Each structure stands twice: as C-alpha cells, then as structure tokens.
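Visitor: Please take me on a close look at the pockets of this protein, and set them in the fold around them. I would like one connected account rather than a list.

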Amino acid sequence: LHIKYSTIPKNGKIKIGIIQLVEHTALDANYKGFVDGLAEAGYENGKNISIDYQNAQNEQANCATIAQKFINDQDDLIFAIATPAAMSAYNSTMSADIPVIYTAISDPVAAGLAEEDGTPVGNITGTSDALPVEEQLKTIRAMLPDAEKIGILYTTSETNSESTIATYKELAGTY
C-alpha cells in the first residue's frame, strides 16, 4: 500500500474514515486495536488525526454510502472492518486516490481484495482472520475419535463462509 502524501493536510490533521459492518465483539475489538495502535504511534483523535467512525448496521448498502461519504469528505485513509465494508471501500475508491486498510477478512483473495500470493490488488491492504481449519479438524478428531460426520453452520451469502467451508471439505477426509 502506498500512501501518496508529501505533507500533512493543511489543517494539520490526517482524516481517517472507519467503516464497521456491524456491532460485534470481535469487530469492535478490531476498531479498538486500530485506534490503540494509532495512539501508540503518536496519533490521537482530535489532535493530529480526525477519525470519522461509521457503523453500517449490518447493511451492505450502507457500507457503500459510507465509503462514498469518506470520498466526498476527502478523507486521507479508510479503515474497513469486515468483508462487505472492505469490498465497498475498495470498489468506491477505485477512481479516488484514497488508500484502504482492511481487517477481519477471512479470505481476501476470494473477496477480490488480494492476489493469490497475498499482494494487494490496488490501493488496499490489510489482515486476514482466517479460521485455523486444520487445527480445528485435529481437535475434533482428538475429542471425537469415532466421528464420521461433522456439521458446520455457515452463511451462503458471505464469500468468507463459502471459502472456509471449501477448506473444511478439502481437509476433512484426512481426519
């Protein structure tokens, strides 16, 4: 990810827009970790950065609206929490010069946010929270040595769920 700044904005504050898909303990922790990390690096909201935090209330259409708001506001960076938020931010910023950082993405490649080798597809980068499928299968086998079938709940409308299920199917026979 290349942030194309040569100077701090005129008002002295870097504008960061944050899109979070929905209130959820794990996603809230991602937000807190990002803000805490910024503070540890010397960036404080209201002093040298300005954070605009928006929650999409679990509506993907809201993610796109929020991303467009950040573009209209000429934010310097967008931090997107969860796959729909990241995809909306990336798609919205394709013609804008605003870098996007994502987190809480189980499969950035399947979501179109990274190449097969993990490199960014554009002005976007971030972290994955992929499940440790093989370790889970090992644990299931250790706890239920006679099990022949396992059931896994997932969401068919989420790319990350689909790719995780595919990994389970690929590896389950080994265990």
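Guide: Gladly! One definition first: helices here are DSSP runs of H or I with at least four residues, strands are runs of E with at least two, and both are numbered from the N terminus. Please keep in mind that the model is predicted.

Let us begin with the second largest pocket, which holds about 260 Å³ of space. It is lined by 16 residues, and those closest to its centre are Leu137, Glu148, Lys149, Ile150 and Ala172. Two helices, H4 (133-143) and H5, each supply at least two residues of this lining. H5 gives the largest share, with four residues. Sorted by class, the lining of the second largest pocket holds 10 nonpolar, two polar and four charged residues.

H5 also leads us to the largest pocket, whose volume is about 540 Å³. There, 19 residues form the lining, with Leu21, Ala82, Pro84, Glu158 and Asn160 the closest to the centre. Helix H5 (159-172) gives two or more residues to this lining, as do helix H1 (25-40) and H3. The classes here are eight nonpolar, nine polar and two charged.

Now for the fold around these pockets. The protein chain has five helices and five strands, and along the sequence they follow the pattern β-α-β-α-β-α-β-β-α-α. The C-alpha atoms fill a box of roughly 65 × 30 × 30 Å along the principal axes. The five strands form an open sheet with parallel pairing, in the order S2-S1-S3-S4-S5. Strands S2 (49-55) and S5 (124-128) stand at the edges with a single partner strand each, so one side of each has no neighbour in the sheet. From one strand to the next, the twist averages 15°.

Within that sheet, S1 (residues 14-20) and S3 (residues 77-81) pair in the parallel sense over five bridges. If you would like a place to rest your eye, try Ile18, whose bridge partner in S3 is Phe79.

Helix H3, which we met at the largest pocket, spans residues 83-92 and lies across S1, S3, S4 (100-105) and S5. Its direction is about 160° to that of S4.

H1, another contributor to the lining of the largest pocket, takes part in an aromatic pair as well. Aromatic rings count as a pair here if their centres lie within 6.5 Å, and by this rule there are two aromatic pairs. In one of them, the rings of Tyr31 and Tyr53 have centres 4.6 Å apart and planes at 50°, so the pair is tilted. Tyr31 belongs to helix H1 and Tyr53 to strand S2, and with their positions 22 residues apart in the numbering, the pair links distant parts of the chain.

Methods: Residues are numbered from 1 along each chain as its sequence is written. This is a predicted model: local features need pLDDT of at least 70, side-chain atom pairs count only at pLDDT 80 or more; totals for chains, interfaces and linings use all residues. Side-chain values use heavy atoms; hydrogens and water are left out. Two strands pair if DSSP finds at least two bridges between them. Axes are lines fitted to C-alpha atoms, for helices over the stretch in contact, and angles run from 0 to 180 degrees between N-to-C directions. Contact means heavy atoms within 4.5 Å. On a 1 Å grid over the protein atoms alone, a cavity is a set of points where a 1.4 Å probe fits but cannot get out, and a pocket is an open set with protein on both sides within 12 Å along at least five of seven lines; lining residues have an atom within 4 Å of a point. Grid points are joined across faces, edges and corners, and a volume is the space filled by probe spheres set on the points. Ala, Val, Leu, Ile, Met, Phe, Trp, Tyr, Cys and Pro count as nonpolar, Asp, Glu, Lys and Arg as charged, and the others, Gly among them, as polar. Rings of Phe, Tyr and Trp (its six-membered ring) pair if their centres lie within 6.5 Å; planes under 30 degrees apart count as stacked, over 60 as edge-to-face and the rest as tilted.
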